Amino acid sequence: MEIDPVTNGNADAIMTESAPTITPPTTTPVPSSRLSQLTESLKLEHQLLRVPFEHYKKTIRTNHRFFEKEVSSVVSGVGDLADSDWSRDDTVARLSSLVSRLQGLKRKLEEGSNVENLQAQRCRARIDHLESADVENLTEWNNTKLKRILDLVDIDIFREAKKVIDALKNREVASALTWCADNKTRLKKSKSKFEFQLRLQEFIELVRAESYNQAILYGRKHVAPWGATHMKELQHVVATLAFKSTTECTKYKGLFELRQWDVLVHQFKQEFCKLYGMTMEPLLNIYLQAGLSALKTPYGFEEGCTKEDPLSQESFRKLALPLPYSKQHHSKLVCYISKELMDTENPPQVLPNGYVYSTKALKEMAEKNEGKVTCPRTGLVCNYTDLVKAYIS
Amino acid sequence: MEVKTVKDAFDRVAKKQKLSCSKTQETVDRLSREIEKALNAIQEPTTDTDNPLLHKSLVSDLKKTVQEIAPSNQLEAAHKELNVALSKYPKVLEKTLNSDISKAYRNVEFDLHTVHQIIASFFYGQGLFDIGDCFISETGEPESSARESFMEMYLILKALKRRDLGPALNWAASNSDKLEQANSDLEMKLHSLHFLKIAQDKKSLDAVNYARKHIPIYSDRGLQKLMCSLLWNGNLDKSPYAGFLSPTLWTKAVKELTRQYCNLLGESPESPLSVTVAAGSQALPPLLKYMNLMVNKKQEWQTMEQLPIPVELSEEFQFHSVFVCPVTKEQSREDNPPMRLCCGHVLCKQSINRMSKNGSKSFKCPYCPSDIDASQCRQLYF
Ligand SMILES: [Zn+2]
């Protein structure tokens, strides 16, 4: 009796009857197109890296501002002490309080740097996650990616946004204004006029309530400073003082519409996404759209379309309906039987009835059936020798 | 690879952040040391009577020292370098990565209900029943039918992963005909695993009986090997059959069962959502490149019926045969099917009609010297 040498590597071969005696582990070289494809798709991950970084940056800035303020107030405390005429006991008391203030500051410093380090680790972990993607583990990596697209990994940032949006929907601008103040320098840098629009809305609300005096006071304080850059809009809105909220004058009617609040919500979302380097549309929708378009073929909508094609599913068809079809420049033939690509390695062969299958699949079928092949779609039986080749360029 | 550029840039930021932190700490420490020193000196009991104004001079010394340390400047200097790194990093990100992937987005609202259903089935298909249930209740969607069908599969798989073959064998036995039709040897694989399990419990005789009963003769070679392995039972790891101990046998069985189960269910073993999003990852880069070049085409983008550029997806996304006529470069359609010339070359019907003046004359194949009679051309079905 023969004993096949068996190694760990091909344990599975034993389980199948027609197993070859030994199959050396073959490592086919990764085609370069796959690698460049992977590199290209990693470039889509801007948001994944940007969002935690903006968070990190914000923490650093806030911490820095706080420590700067504290330290300079201690310094001026020392200065004041030296410049005034305190008794010895008072001096001791004041110096002690400065010392304990610094003690507290040291604790805060430690906490602050811990938070910063944690956020840095988070940013770094995401970079490592990108780096870990390679052609070998792509399926798994893509799965993780999908889960993070569905998961909203940066959930706490969205919470911050939701608070402001909810308030705006209740027609309150306070939390939106706080948000503007928190991000003042950056909004200014990007020439955002979101705060101006919030101010205008508050002004309009005062006019709506017919509190004209208050409106004027408010306007002087909060709206006028924007005059230098947004005079035209300012004039348009301030002119509402002459109208009632029920005005039919088309030029001003729109300003009183409650729809303006939705506009503010939309604008907030836009500003918010810009600040964190995020896209407005949900990531899932962006990927779904691109994927559906690239997969959309007339065949996907046909009866009996293969289940592997997502477009065989009713729900995916529905989403794909308004999207463009894919475009192909080259023929790509997939064997109906084996689902393998028909190329020069595995060329297409034509049955007498014009149906085309891959050489591999037909050969295998012929070997099992004494040289006969059966067309799986029409039932036609013929000899393997009756097949002719087709050249597809 | 670009990731390295990003990583280096980030490491610079992190380094400067740590540096700035320790600089701040150092400054605060020093400041507090000086103040404490002055405080101690003032509190020194011996100095009490000698000079009643000593505390004043000590405080003004302290002021001088503090001015020399210039803590605020120290902090600022440390932060300045950090600031440079902080503003540089987003630029590196924008340069190496696509900063706005929504550029290739067509402004159509997806039906939310449909998207929710797709997401819920994804979770169920992955065996994440808790998350799926949670998602369904949060979005207020009706319960998905996918849940029940996937539940059975996951119970079988869960048992199989615990190396409990019972449920899997039961399922395979009751679907034996269908598995055979699908050309699957899953049942045999499961029986073999069971055989090995019995054998590993050092019950060689039981194993033989089991094999006699369940492992059919047609799998002769498989049977031979299983039986031979009994000769080494107890020290299989040092035998030619050490492979039988490999855990990959089990993972392969799990994979095959998933495949067959989904197949019988009429579902794809790959989640359609995963497939679509993975295809999206491949399609977005070329689409974004196109959109960046064609800034003024945004309007057309919203209405075009076919993507403006070919998007090459890799093989696993090729579900259908596509024939593009090498002459007209157009995709074949029902009214313009691919035809095989007698030389074996394939063109679309339109091209043949044009070259043969609607069949009135023979023509030369554009790819070889053959003379072609249009009436001899045959339609192909891929
Ligand atoms: Zn030819």
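**Close-up views of chains A and B**

**View 1. Domain layout of chain B in the predicted model.** The centres of domain 2 of chain B and domain 3 of chain B, taken over C-alpha atoms, are separated by 46 Å. Three domains divide the chain: domain 1 (2-97), domain 2 (163-294) and domain 3 (321-382).

**View 2. The annotated span 325-368 of chain B.** An unreviewed UniProt entry carries the annotation "domain: RING-Gid-type" for residues 325-368 of chain B. This span is 16% helix and 18% strand, and its end C-alpha atoms lie 16 Å apart.

**View 3. An aromatic pair between chains A and B.** Over all chains, 19 aromatic pairs are counted. One of them joins A:Tyr56 and B:Phe10, whose ring centres are 5.9 Å apart and whose planes meet at 45°, a tilted arrangement. The pair crosses from helix H3 (residues 46-83) of chain A, which holds A:Tyr56, to helix H1 (residues 2-43) of chain B, which holds B:Phe10. A:Tyr56 has 0% relative accessibility and therefore counts as buried; B:Phe10, at 1%, is likewise buried. A:Phe53 and B:Tyr89 join these two residues in one aromatic cluster.

**View 4. The pair A:Trp179 and A:Phe194.** The ring centres lie 6.5 Å apart with the planes at 75°, so the pair is edge-to-face. Because A:Trp179 belongs to helix H7 (residues 174-182) of chain A and A:Phe194 to helix H9 (residues 194-208) of chain A, the pair ties together parts 15 residues apart in sequence. Both residues are buried.

**View 5. Charged side chains over aromatic rings in chain A.** A:Arg148 lies over the face of A:Trp141, 5.5 Å from the ring centre. A:Lys296 lies over the face of A:Tyr325, at 4.4 Å from the ring centre.

Terms used
Residues numbered from 1 in each chain as written. Chains lettered and ligands numbered in written order. Predicted model: local features only at pLDDT ≥ 70, side-chain atom pairs only at ≥ 80, totals over all residues. Heavy atoms only, no water. UniProt positions renumbered as here; feature names shortened; annotations may be inferred. Helix = DSSP H or I, 4+ residues; strand = E, 2+ residues; numbered from the N terminus. Domains from an automatic or database assignment. Phe/Tyr/Trp six-rings, centres within 6.5 Å; stacked < 30°, edge-to-face > 60°. Buried < 20%, exposed > 50% of the residue type's maximum accessible area, 1.4 Å probe, protein only. Lys NZ or Arg CZ within 6 Å of the ring centre and 35° of its normal.
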